[in-house]
Amino acid sequence: MKRKIFILHEIYGVNDFIKMQAEAYSNANTTVECISLYSDNRIFPYEQEQEAYEYFINEVGFDAPLEKLTEKILEARTHYDEVLLIGFSVGATLAWRLSTLPLQGIICIYGSRIRQFLNVIPSCPTLVILPSHEKSFNVNALKETLDTLPYVHTRRYLGQHGFMDFNNANYCNESYLQVQAEISQFFEIKRSQGGQSNAPK
């Protein structure tokens, strides 16, 4: 079975952490592609968090990339048995918005802006990874809402936004290992189902 995984980065761009994630899921049957949301492929250092955030919001946003991403996904569907999407932070919110496409699975990792797009009802198995605490909103309230949706599985892990990234000040090794295991299990479930979607909860 041939599988394609697209990875959507957070505000910093396709940095070392995103590249390492791609390597973690690549194997003989799986091709992984990191999609840069920035036309010039720029990468922001972590110290420029505010600048990176403002650049993403002002130059990219949550609407403009959808058409291009949809085209890439639909094209991949003609060549692969399974197409999956992993998004981090802003990339996770974009992944969420693409969850109505004919995908075999989506993973959204601390996509805090998902809360602004709760009108989206995923049509494929969707794993939402949340931190235990976010500065800007109530994580519990979002989890409770997402838990009511078919196909959506939410998990909370100890830590704050960015806890998966070993170069981020919020990195939490214990939660990182737990989430990596959760993602691997999610992928195995998809493989064992032969690319078929989970039944709604």
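A salt bridge is a side-chain nitrogen of Lys or Arg within 4 Å of a carboxyl oxygen of Asp or Glu. The exercises below concern a predicted model.

**Exercise 1.** Determine whether aspartate 40 and arginine 42 form a salt bridge, and classify the exposure of each residue.

*Solution.*
Step 1. The closest N and O atoms of aspartate 40 and arginine 42 are 2.8 Å apart.
Step 2. The cut-off is 4 Å, and the pair forms a salt bridge.
Step 3. Partly exposed lies between the limits of 20% and 50% relative accessible area. Aspartate 40, with 40%, is partly exposed, and arginine 42, with 32%, is partly exposed as well.

**Exercise 2.** State how many salt bridges the rule yields, and identify the parts that the pair of glutamate 33 and lysine 72 ties together.

*Solution.*
Step 1. The count comes to seven salt bridges.
Step 2. One of them joins glutamate 33 to lysine 72, with 3.0 Å between the closest N and O atoms.
Step 3. Glutamate 33 belongs to strand β2 (residues 30-35) and lysine 72 to helix α3 (residues 65-77), so this pair ties together parts 39 residues apart in sequence.
Step 4. Relative accessibility is 24% for glutamate 33, which counts as partly exposed; lysine 72, at 28%, also counts as partly exposed.
Step 5. Glu33 and Lys72 are linked with Lys4 in a network of salt bridges.

**Exercise 3.** Locate the partners of the salt bridge between arginine 155 and glutamate 182, and decide for each whether the residue is buried or partly exposed.

*Solution.*
Step 1. In this salt bridge the closest N and O atoms are 3.0 Å apart.
Step 2. Since arginine 155 lies in strand β6 (residues 152-157) and glutamate 182 in helix α6 (residues 173-192), the pair ties together parts that are 27 residues apart in sequence.
Step 3. Buried requires a relative accessible area under 20%. Glutamate 182, with 13%, is buried, whereas arginine 155, at 34%, counts as partly exposed.

**Exercise 4.** Explain why the buried residues of helix α1 are on the same side of α1, and describe the burial of helix α4.

*Solution.*
Step 1. In α1 (residues 16-25), the residues Phe17, Ile18, Gln21, Ala22 and Tyr25 are buried.
Step 2. They lie on the same side of α1 because they cover an arc of only 145° around the axis.
Step 3. An α-helix has 3.6 residues a turn, so residues three or four places apart point the same way.
Step 4. Exposed Asp16 and Glu23 are carried by the face of α1 turned away from its buried side.
Step 5. Helix α4 (residues 90-97) is mostly covered, with seven of its eight residues buried; among them are Val90, Leu94 and Trp96.

Definitions and conventions. Residues are numbered from 1 along each chain as its sequence is written. This is a predicted model: local features need pLDDT of at least 70, side-chain atom pairs count only at pLDDT 80 or more; totals for chains, interfaces and linings use all residues. Side-chain values use heavy atoms; hydrogens and water are left out. Buried means under 20% relative accessible area, exposed over 50%, partly exposed in between (1.4 Å probe, protein chains only). Helices (H or I, at least four residues) and strands (E, at least two) are DSSP runs, numbered from the N terminus. The arc is that of the directions from the helix axis to the C-beta atoms.
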